[in-house]
Amino acid sequence: MDVSVFTTAQLVIEIVGIVAFALSGVIEAARRRLDVVGVSAVAILASFGGGTLRDVLLDRRPFFWVENHSLLWLVVVLASAAILFMRGKHFEPTERAMQWPDALGMGLFCAGGTQIALSMEMPALVAVMMGMITAVFGGVLRDVVCNEIPRVFNDHRPYALCAFAGGWVLVLAHHLGLPQWTCLFLSAASASALRVLAMVFDWKLPTWRT
Amino acid sequence: MDVSVFTTAQLVIEIVGIVAFALSGVIEAARRRLDVVGVSAVAILASFGGGTLRDVLLDRRPFFWVENHSLLWLVVVLASAAILFMRGKHFEPTERAMQWPDALGMGLFCAGGTQIALSMEMPALVAVMMGMITAVFGGVLRDVVCNEIPRVFNDHRPYALCAFAGGWVLVLAHHLGLPQWTCLFLSAASASALRVLAMVFDWKLPTWRT
Amino acid sequence: MDVSVFTTAQLVIEIVGIVAFALSGVIEAARRRLDVVGVSAVAILASFGGGTLRDVLLDRRPFFWVENHSLLWLVVVLASAAILFMRGKHFEPTERAMQWPDALGMGLFCAGGTQIALSMEMPALVAVMMGMITAVFGGVLRDVVCNEIPRVFNDHRPYALCAFAGGWVLVLAHHLGLPQWTCLFLSAASASALRVLAMVFDWKLPTWRT
């Protein structure tokens, strides 16, 4: 298959993922009755926070959203449109519909983040952590700013663990010497597939016994 | 007019702004009954947090408070003095009195932050965002640490939006080829003036309809 | 005495300190009923957050936990083991037992952080602040993520102040031209000793008068 098909597919999934992440921020901000500034800020944190933290930790510049600042406009316009057109009754169905693009975006961000860290010669565990940070830390920042315990830390659903598994798939594929695009595809696909399975079969993590 | 007059004026406004930001931190920390460590830390976050985040994102060193560490002493002394001499009855009037120097500081920080990002060849929207971050993120960190939703995100008053407007004024003036000091002055003045107008006429942002 | 004895002692104290910090994170996360992802994340933040923030501010790479990623494994294994074997009744005694290794770790992290900043020619106050950040900011991040006001800011016990004092001891010893290992030892020992004294004699910081 042609590499450029992959590149286009990647771009499309990336935008789909960013929109899903941004909408998760918009809805959480709306529930807290934030104003247009708060909704935009939380949407930006949710969509770009993870990748930005990864790049700060890895000391990489320019950031994704500096190179692609049209995506920043996209999120701001999305947040403003939400304030104008979204009502309380839309939150629930939007959130449910967004689970699927969110799973796609999570897989891609996780694979991309792990790959970037590996190419900077980080140890495997650190690279996998960078992939997880890319995939889940936007949501963590979203929740911290909205004064909630991060959902990914206490909803007892496998989300970060799917990213964890996907990251190790990339490390393994990389060590087997597979071409980069295959590594990325296998990693993103397994993280997303695991997440979809977890949603469909309602998997839960063990809880604390008292 | 002489440039050195501007420089002195800038320094004075900067110190005035930092004191206003620090006092906003002191008062919020005092309301939460933090101890001297907490009050100092929140005051430092409120006054230097925005500029520091901007510099981390832009990968600039040294930080403003490393080059001017006497300002750091100023904030620590201010916080300690507040613990010794401030009582509950002083919070409200101090907060009201600080609104005006705060508006001045906000304008200057916003103009300075946007200017720095522009001079590093950031795209216009990113530069304006950096200006906003410089002006408002100290307050965001102050509120997050004090376990509140950031006021700038949910008080439905134009604050960050004044910084947003002031940032675009700088971008425009810069594109018109005006000299740097004129750009800075126009930008800071319009952000501060907008903020003062918003306070005087009690402007509000639209809220969510249910 | 031989330097290598010091180096081994430092390594042992470092690991002891990291385990104590990680356990403080595990217990706080457990109280909030976080899942295995949350417990691991909070434990990692508590043990490595302070040093990482210091390195981001000083623009140093690689991070401590990138160079020693086996320590990262240690914390993850510790967090997972805690979920399997720890019960509610263990939290209180573990927390009490951990105060002592925590005091050791605090002293060492504070001395190390101040030393690193001094060797990068930071001004004395900034260097001392970096030492404090190394020693206490892991705990701040732990509490912010768990949606609490950082304990170090409002428990009115001397903790950060012990680090503050220990940092100035290092600055002083450095100015007196003492060898680096002596500086580190004096600084860490005085910070830890002060902390132990504060615990034994139940020292309290002054509170706000209303």
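Copies are superposed by least squares on the C-alpha atoms of residues with pLDDT of at least 70 in both. The exercises below concern a predicted model.

**Exercise 1. Determine which rotation and which shift lay chain B on chain C, and which residue of chain B comes closest to the axis.**

Solution. Step one is the superposition: a turn of 120 degrees, with a shift of 0.0 Å along the axis, lays chain B on chain C at an RMSD of 0.0 Å. Step two is the position of the axis: B:N147 is the residue of chain B that comes closest, its C-alpha lying at 3.8 Å.

**Exercise 2. State how chain A is superposed on chain B, and infer what symmetry relates the two copies.**

Solution. Chain A is superposed on chain B by a rotation of 120 degrees with 0.0 Å of shift along the axis, and the RMSD is 0.0 Å. The two copies are therefore related as by a three-fold rotation axis. In chain A, the C-alpha nearest this axis belongs to A:N147, at 3.8 Å. The copies use different surfaces, since 12% of the contact residues of chain A recur in chain B.

**Exercise 3. Describe the interface of chain A and chain B by its contacts, its buried area and its polar pairs.**

Solution. Begin with the contacts: 32 residues of chain A meet 28 residues of chain B. Next comes the area, about 2,600 Å² buried between the two chains, with carbon and sulfur atoms giving 72%. On the side of chain A, the three residues A:R33, A:D35 and A:V37 supply 21% of the area buried against chain B, more than any other three residues. The polar terms follow: there are 0 salt bridges between chain A and chain B, while 5 residue pairs are in polar contact.

The last step assigns the chain A side to elements. Two or more residues each come from α2 (36–58), α3 (64–67), α4 (69–85), α5 (88–119) and α6 (124–145) of chain A. The largest share, 8 residues, is that of α2(A). By class, this side of chain A holds 21 nonpolar, 5 polar and 6 charged residues.

**Exercise 4. Characterise the interface of chain B and chain C, and explain why the copies are said to meet through different surfaces.**

Solution. Here 32 residues of chain B are in contact with 28 residues of chain C. The buried area is about 2,600 Å², and carbon and sulfur atoms give 72% of it. B:R33, B:D35 and B:V37 lose the most area to chain C, together 21% of what the chain B side buries. The interface of chain B and chain C has 0 salt bridges and 5 residue pairs in polar contact. Only 12% of the interface residues of chain B are also interface residues in chain C, so the copies meet through different surfaces.

**Exercise 5. Decide whether A:T134 and A:V75 are buried or exposed, and list their contacts beyond four places in sequence.**

Solution. A:T134 is placed in helix α6 of chain A. Its relative accessible area is 7%; the cut-off for a buried residue is under 20%, so A:T134 is buried. A:T134 touches A:G50, A:G51, A:R54, A:F109 and A:G113, residues up to four places away in sequence being left out.

A:V75 belongs to helix α4 of chain A. With a relative accessible area of 1%, A:V75 is likewise buried. Apart from neighbours within four places in sequence, A:V75 is in contact with A:I18, A:A22, A:A43, A:I44, A:S47 and A:F48. The C-alpha atoms of A:V75 and A:L23 are 8.7 Å apart, although 52 residues separate the two along the chain.

Note on methods. Residues are numbered from 1 along each chain as its sequence is written. Chains are lettered from A and ligands numbered from 1 in the order in which they are written. This is a predicted model: local features need pLDDT of at least 70, side-chain atom pairs count only at pLDDT 80 or more; totals for chains, interfaces and linings use all residues. Side-chain values use heavy atoms; hydrogens and water are left out. Contact means heavy atoms within 4.5 Å. Buried area is the accessible area (1.4 Å probe) that two parts lose on being put together, summed over both. A salt bridge is a side-chain nitrogen of Lys or Arg within 4 Å of a carboxyl oxygen of Asp or Glu. A polar contact is a pair of N or O atoms within 3.5 Å; within protein, one must be able to donate a hydrogen and the other to accept it, and residues adjacent in sequence count only if both atoms are side-chain atoms. Helices (H or I, at least four residues) and strands (E, at least two) are DSSP runs, numbered from the N terminus. Ala, Val, Leu, Ile, Met, Phe, Trp, Tyr, Cys and Pro count as nonpolar, Asp, Glu, Lys and Arg as charged, and the others, Gly among them, as polar. Buried means under 20% relative accessible area, exposed over 50%, partly exposed in between (1.4 Å probe, protein chains only).
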